[in-house]
Amino acid sequence: GHPRPVWTHGSIRQMTDVHAAISKRVSSEQWESLVAFCEDFELDMRHALGSTEESCGVYKVHLLGHLLLGQLDLARFLWRRLPLALREEPELNAIWQVGALMWQGAHAGVQEALGSYPWSSGLTATLTNALRQKTLVEGFLTMGKAYSLIEPEALAIKLGVQVGVVLELANAYGWTTDISTGALKPAKVEAPAPERERPDVLQQLTHFVAQLERELK
């Protein structure tokens, strides 16, 4: 296991330390470490010691960490543990709605929910953007296993993105185009792109999606 910090009654210094510890894990995309930190925060009864705002902020990060790791069961259990008053906080509730859509396998719904909500700046926005990219790629690869041929327009609707994004993904993952129909043929490679290449692909897609959204406005 990992050593847990020993907390005394809340202070400004400790709130700053908590934010710094979370920010470090978010910036380096250490999702497992992020969830472990939030679990320790909960086990050490820190939610009862700090302000409601601080507690809510940690719960948001905790919930998003589970979703980024695909731990939907743990995300649901966490939601059930939340104080009823916090469940009514709009942004925290919006995060849970994303989790519920992921549970249903509603790929387009997940993209719509993540892309349309005005996420607060900072940690939440960073995490929801990471989740948006991750679920898009996972949805794309899931569709690739389900179809031998699929029209780009149909796939775009199923994923809840523009056709241009689908074509970028198809190119990144080595899909081909059927010359006679224009339909996409998923690559037969079972393994996803190597981990060292994925951040570059996701970064390119992030810029591409942002560019498309600017053009559509």
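The following exchange concerns a predicted model of a protein chain and the reasons for the terms applied to it.

Reader: How do you know how much confidence the predictor has in the protein chain?

Author: The confidence is given for each residue on a scale from 0 to 100. The protein chain averages a pLDDT of 85, and 80% of the residues score at least 70. Over residues 5-11, however, the pLDDT is below 50, although this stretch has 13 contacts in the model beyond near neighbours in sequence. The pLDDT is also below 50 over residues 194-198, where the corresponding count is 4 contacts. Where pLDDT is low, the predicted coordinates should not be read in detail.

Reader: What makes up the secondary structure of the protein chain, and in which order do the elements run?

Author: There are 12 helices and 2 strands. From the N terminus on, the order is α-α-α-α-α-α-α-α-α-α-α-β-β-α.

Reader: Why is Cys 38 called buried?

Author: A residue is buried when its relative accessible area is under 20%. The value for Cys 38 is 0%, and therefore Cys 38 counts as buried. Cys 56, at 6% relative accessibility, is buried by the same rule. As for disulfides, the count comes to 0; a pair would need its cysteine sulfur atoms within 2.5 Å.

Reader: Which other residues of H2 are buried along with Cys 38?

Author: Among them are Trp 31, Leu 34, Val 35, Ala 36 and Phe 37, together with Asp 40, Phe 41 and Glu 42. H2 has 13 residues and reaches 18 Å from its first C-alpha to its last, close to the 18 Å expected. Just after H2, Met 45 takes a positive phi of about 60°.

Reader: How do you know that the span of H4 agrees with the expected value?

Author: The expected span is 1.5 Å times one less than the number of residues. For the 17 residues of H4 this gives 24 Å, and the end C-alpha atoms are 24 Å apart, so the two agree.

Reader: What makes H4 mostly covered, and what follows this helix?

Author: Of the 17 residues of H4, 14 are buried. H4 is followed by Gly 70, whose phi is positive, near 70°.

Reader: What makes a set of residues a nonpolar core, and which members of the largest one touch the most other members?

Author: Such a core consists of buried residues of certain types, Leu and Val among them, joined through side-chain atoms within 4.5 Å. The largest core has 37 residues, and those touching the most other members are Ile 22, Leu 63, Leu 67, Leu 92, Val 98, Leu 127 and Leu 131. Several helices each supply at least two residues, including H1 (12-27), H2 (31-43), H7 (90-104) and H9 (123-146). The largest share, 8 residues, comes from H4. In soluble globular proteins, nonpolar side chains tend to be buried together.

Reader: Which residues does Val 98 touch?

Author: Not counting residues up to four places away in sequence, Val 98 touches Leu 67, Val 110, Ala 113, Leu 114, Trp 119 and Leu 131. A second, separate core has 16 residues, including Met 143, Ala 156, Leu 169 and Ala 170.

Reader: Why is Ala 170 counted as buried?

Author: Ala 170 has 4% relative accessibility, which is under 20%, and so this residue counts as buried. Ala 170 lies in helix H11 (residues 163-172). Leaving aside neighbours within four places in sequence, Ala 170 is in contact with Phe 140, Trp 175 and Leu 184. Ala 170 and Leu 141 are 29 residues apart in sequence, with their C-alpha atoms 9.6 Å apart in space.

Reader: Why is Thr 124 called buried?

Author: The relative accessible area of Thr 124 is 8%; since the cut-off is under 20%, Thr 124 is buried. Thr 124 is found in helix H9. Beyond its neighbours within four places in sequence, Thr 124 is in contact with Lys 60, Leu 64, Glu 91, Ile 95 and Trp 119.

Reader: How do you know that Gln 111 counts as buried?

Author: Gln 111 stands at 5% relative accessibility, under the 20% limit, and therefore counts as buried. The place of Gln 111 is in helix H8. Not counting residues up to four places away in sequence, Gln 111 touches Arg 132, Thr 135, Leu 136, Leu 159, Gly 160 and Val 161.

Reader: How much of the protein chain as a whole counts as buried?

Author: Of the 217 residues, 41% count as buried. The accessible surface comes to about 12,100 Å², of which 56% belongs to carbon and sulfur atoms.

Methods
Residues numbered from 1 in each chain as written. Heavy atoms only, no water. pLDDT = per-residue confidence, 0-100. Contact = heavy atoms within 4.5 Å. Buried < 20%, exposed > 50% of the residue type's maximum accessible area, 1.4 Å probe, protein only. Helix = DSSP H or I, 4+ residues; strand = E, 2+ residues; numbered from the N terminus. Areas by Shrake-Rupley, 256 points an atom, 1.4 Å probe, with all protein chains shown as cover.
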